[in-house]
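Got your viewer open and a selection box ready? Load the model shown here and follow along, one selection at a time.

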Amino acid sequence: MQLIVSAGLIVAIVIWGVLAPASLASVFDTALAATTRDFGWFYLWVVLGLVVFALVLAFSRYGDLKLGSEDDEPEFSLGSWFSMLFAAGMGIGLVFWGVAEPISHYGAPPPGIAPNTPEAANAAMRYSFFHWGLHPWAVYSVVALAIAFFQFRKGGSALVSTAVQSLPWAPMKKLGPVVNVLAVIATAFGVAASLGMGALQINSGLNAMFGLPVGDASQVGIIVVTTVLFLASAVTGVTRGIKWLSNINLLLASMLALAVFAFGPTVAIIDTFTTTLGSYVSEFVRMSLRMTPFRDSGWVSGWTIFYWAWWVSWSPFVGLFIARVSRGRTIREFVLGTMLAPTLAAFVWFSVFGGTALHFEIMRDLPMAEAVKADVSTALFALFEALPMAGLMSGIATILVMLFFITSGDSATLVLGMMSSGGNENPSARIKIVWGVLISGIAISLLLAGGLKAVQTATIVFALPFTLVIVLMAVALWRGVRDDHHEEQRRERELRRRMRSMVEPPPAA
């Protein structure tokens, strides 16, 4: 029933987007504006709360609890595990926005900062760190941890609703189907929108290298080819397809970052990382709770609130996938692996690519801002034109985007298959193929109809009710780990009592 409702709503919105894209865009743009305007404060408080909650949980007495039985060992090595987290969580986004976001903030900085100034450049880097750092990964981490805890320690299903339904209040038992429908819709549309955006950047890369025309025909062809590739990967399973692709992704991304670091302004990149890390730490709370009640500015809602809603909308997909590959890890290891390590990787990435682009724009008068304004998807390739071996780096970047595209599609079909098969960790190849074809069909139809951005906006609107779900998941997780810890302590006390009774002599008659 849940699958029928989810698929029905997805098909209805797709038909709406194909037949009347302007109408779809208008409705959801209005809804998004109202959401970010009236509930921006709610997103800020909830996401900051998740950062604090995850770190407290990791370093508390509950941090040693294992996601699984005590003799369970991790299924994947630390390197492969991190590669899959990085690829599923935001790999394609980092490649897309690594140059474009800092340059965008430089020309249109947060309120109170003059554009195109050194202060604007510092703020541009600081907010790029902020938008891609601890906060998004805290959202993913808490959702994934709640799913993994109730699945691996409590024997529940691999569904988003399992944690919420564990709460002792009667209404929570009835929320399961609603939560699962929201999760399927958010996942299907979020991935479809990302596939469409990924196709735009692959098209830009192939245009820069081979002169492939930029247009609908090229982008549809790219989606079709990559769909065949990610379905081929999907049917091989997690332990082969996704793991191998994720390891290759991380290797290529590291090679590209090292090349830009070596050929670009190396000292300036190091200085940018150092300065921005310091300002990020010192401004952490202020940025986390910043609204503009006395300014007529849409900057915070257009960037920070938009991002927080986007991360929330992606959390069921990324959370389920991270949970799937994390059996056997302790809560402390899980939180550190899913928050601190990817955050550091994002900081390095933005320092290398964003720092280099800002240096070229400010110190060498290269038109990076013009390139971003003309077409965001070409920003990365415009940067490469100012570096040695531009053609080679453009080729590696295009392959990297394509592999991230394939990995996202692969992991999305796995997660949607799990959701639609009652939480089965290894859904059948047939189910994964059906979902893969469906989300690619959504991306193509909306790309042709011009409704891709509207569906991205719709996905973010669905994030508001799901934010409440995440709060409930956090409450359920805290209750679960507390009760588990108390139960472990009780068993240990009982074991010690029995051991003492075995070694102590009986009382004298």
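What follows is a short walk through aromatic pairs, a charge over a ring, a threonine and a helix.

Before you click, note that this is a predicted model, where local features need pLDDT of at least 70 and side-chain atom pairs count only at pLDDT 80 or more, while totals for chains, interfaces and linings use all residues. Residues are numbered from 1 along each chain as its sequence is written, and side-chain values use heavy atoms, with hydrogens and water left out.

**Stop 1: aromatic pairs.** Rings of Phe, Tyr and Trp (its six-membered ring) pair if their centres lie within 6.5 Å; planes under 30 degrees apart are stacked, over 60 edge-to-face, and the rest tilted. By that rule there are 27 aromatic pairs. Select Y127 and W299: this pair is edge-to-face, with 5.0 Å centre to centre and 80° between the planes. Y127 sits in helix α6 (residues 118–132) and W299 in helix α15 (residues 299–324), so the pair ties together parts that are 172 residues apart in sequence. Helices here are DSSP runs (H or I, at least four residues), numbered from the N terminus. Y127 counts as buried at 1% relative accessibility, and W299 does too at 8%; buried means under 20% relative accessible area with a 1.4 Å probe, protein chains only.

Now add F130 and W308. Their ring centres are 5.1 Å apart with the planes at 55°, so this pair is tilted. Again distant parts of the chain are linked: F130 is in helix α6 and W308 in helix α15, 178 residues apart. F130 is buried at a relative accessible area of 0%, and W308 is buried at 0%.

**Stop 2: a charge over a ring.** Pick R329 and W81. R329 lies over the face of W81, 4.3 Å from the ring centre; the rule asks for NZ of Lys or CZ of Arg within 6 Å of the centre and within 35 degrees of the ring normal.

**Stop 3: a threonine.** What does the side chain of T467 reach? Select it in helix α22 (residues 463–503) and you'll find the backbone oxygen of A463 at 2.8 Å. T467 is buried, with a relative accessible area of 1%. Leaving aside neighbours within four places in sequence, T467 is in contact (heavy atoms within 4.5 Å) with F42, Y43, V46 and V312.

**Stop 4: helix α20.** Finish on residues 429–449, the 21 residues of α20. Among its buried residues are W435, I439 and L446. Just after α20 comes G450, with a positive phi near 75°.

Technical notes
Helix = DSSP H or I, 4+ residues; strand = E, 2+ residues; numbered from the N terminus. Expected span 1.5 Å × (residues − 1). Buried < 20%, exposed > 50% of the residue type's maximum accessible area, 1.4 Å probe, protein only. Polar contact = N/O pair within 3.5 Å; in protein donor to acceptor, adjacent residues only side chain to side chain.
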